[in-house]
Amino acid sequence: MGCVLTINAGSSSIRFAVYEAGETPRRLLGGKIDRVGLSGTNLIVDDPDGKPQVLRLAAADHRAAVRFLLDWLEAMPVFGLVKAVGHRVVHGMKHSQPERVTPKLVAELHKIMPYDPEHLPREIGLIEELRKRNPRLPQVACFDTAFHRTMPRIAKLLPIPRRYNAKGVERYGFHGLSYAYLIEELARVDPAAEKGRVILAHLGNGASLAAVRHGESMDTSMGFTPAAGLVMSTRAGDLDPGLVYYLARTERMTAAQFQHMVNHESGLLGVSGTSSDLRDLLASEASDVRAAEAVEMFCYQVRKWIGSFAVALGGLDTLVFSAGIGENSPVIRKRICKGLGFLGIQLNGVRNAKNAPLISADGGRVKVRVMRTDEELMIARSVTRMLHLNSIRET
Ligand code: ADP
């Protein structure tokens, strides 16, 4: 049996899983280190049948957390079966496929660090630490931007002087592993739908939408960075560019302070003034107008993006809701879809309330689906395909 270790290093968490390699990889082990860089950092190991196992880490910074995780993983019997490691790498510039990690690729990732200073340094650190410890273990970088490389040039271009485009400043889009997984799932459950006009709504703490035709990305709401597009839990999404100069003049705000504000203090948190978590806001909206406005703004903006992408696609056949909010919140889906009857979007209230896989009304022109996304499984599948690990299991 060949196994794949997947690693997904976020800003404050590192998720990991071990899968038995295959087209439908089977998860054998998984978990995460959360609160990296904060106090109370834990390694939490999933246990589908019982209480998760929790191990407290002494040192909290990212490097120490990585060492702790790798020490722990390497001591697991299943690590002996790991034939390859797949990483989620948030930014992959022009790469349109997963890439085997080589010294050349690592050097390239170092070079593009300024494009994603929030994620890339940590991801590269993890790749290098793993290579130091297990030099013969193949590693594969799975890029979150890769899915969107099919976007037409007009959707990629930013309307600023062309010389920046020559340096790689353009719209890349993110959440590509999630979208790739959702499109493969859609092809499995409804092959005709996958060939049609599809809007995928990945609504989690980070949130974006993608317009997809014939299984290929035509446009997406995130842009040069994941801060663009829709209002998110703590990110502002699209803003008037004139705000930068206004705040610099009136508040002496620096570029770094602006970057922090739009990524960590804005969105649902900024508008509500209380929480970035939609569940909290739904619980308090009846008595707190700021929470109510934050929730309504989120639904209003998702609605606008759906309208905009229906136009980009020349109509709509399928709408998919996914990620924490999209998969679990009937009330938010209902508010988003309200008033979209003119596009052919109509929900069946009973099925929506149950988070059923198909929630559109019978006879509605657009099929509306709820699909659970799984970025880690997509990584395991990509690594299996790329390194032909299927054959390892068979021999
Ligand atoms: P991340 O982008 O960090 O992976 P998730 O996909 O886990 O985020 O989504 C987290 C978001 O999903 C939070 O805003 C949370 O409030 C929201 N969420 C999860 N379950 C529900 C629910 N039952 N109702 C409303 N919102 C939910």
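Two strands are said to pair if DSSP finds at least two bridges between them. In this predicted model, strand S9 (residues 197-203) meets that criterion with two partners, strand S10 and strand S12.

The pairing of S9 with S12 (residues 318-322) is parallel and rests on 5 bridges. Within this pair, His202 of S9 is found opposite Ser322 of S12. The pairing of S9 with S10 (residues 207-213) is antiparallel and comprises 7 bridges. Here Val198 faces Val212, a residue of S10. Strands S9 and S10 are also connected as a hairpin, in which 3 residues separate one strand from the other. Strand S9 is mostly covered, with 6 of its 7 residues buried. In general, the side chains of a regular strand point alternately to one face of the sheet and to the other.

The model also contains a ligand, whose surroundings include Gly204, Asn205 and Gly206. Further residues around the ligand are Asp277, Leu278 and Arg279, together with Ala323, Gly324, Ile325, Asn328 and Ser329. Classified by residue type, this shell consists of 6 polar, 3 nonpolar and 2 charged residues.

Several polar backbone atoms approach the ligand. A backbone N or O atom of Gly324 is placed 2.9 Å from an oxygen atom of the ligand. For Leu278, a polar backbone atom lies 3.2 Å from a ligand oxygen atom. In the case of Asn328, the distance of 3.3 Å separates a polar backbone atom from a nitrogen atom of the ligand. Of the 580 Å² of accessible area that the ligand has on its own, the protein covers 71%. Two elements, helix H11 (278-284) and helix H13 (323-328), each give two or more residues to the shell around the ligand. The largest contribution to this shell is that of H13, which supplies 4 residues.

A further element, helix H2 (residues 103-111), has both buried and exposed residues. Buried residues in H2 are Leu105, Val106 and Leu109, a term that denotes a relative accessible area under 20%. These three residues lie on the same side of H2, because the arc that they cover around the helix axis is only 100°. The other side of H2 carries Pro103, Lys104 and Lys111, which are exposed; for such residues the relative accessible area is over 50%. Helix H2 thus presents Leu105, Val106 and Leu109 on one side, with Pro103, Lys104 and Lys111 on the other.

Methods: Residues are numbered from 1 along each chain as its sequence is written. This is a predicted model: local features need pLDDT of at least 70, side-chain atom pairs count only at pLDDT 80 or more; totals for chains, interfaces and linings use all residues. Side-chain values use heavy atoms; hydrogens and water are left out. Buried means under 20% relative accessible area, exposed over 50%, partly exposed in between (1.4 Å probe, protein chains only). A residue is near a molecule or strand if one of its heavy atoms lies within 4 Å of it. A polar contact is a pair of N or O atoms within 3.5 Å; within protein, one must be able to donate a hydrogen and the other to accept it, and residues adjacent in sequence count only if both atoms are side-chain atoms. Accessible areas come from the Shrake-Rupley method with a 1.4 Å probe; for residues, only the protein chains shown count as cover. Ala, Val, Leu, Ile, Met, Phe, Trp, Tyr, Cys and Pro count as nonpolar, Asp, Glu, Lys and Arg as charged, and the others, Gly among them, as polar. The arc is that of the directions from the helix axis to the C-beta atoms.
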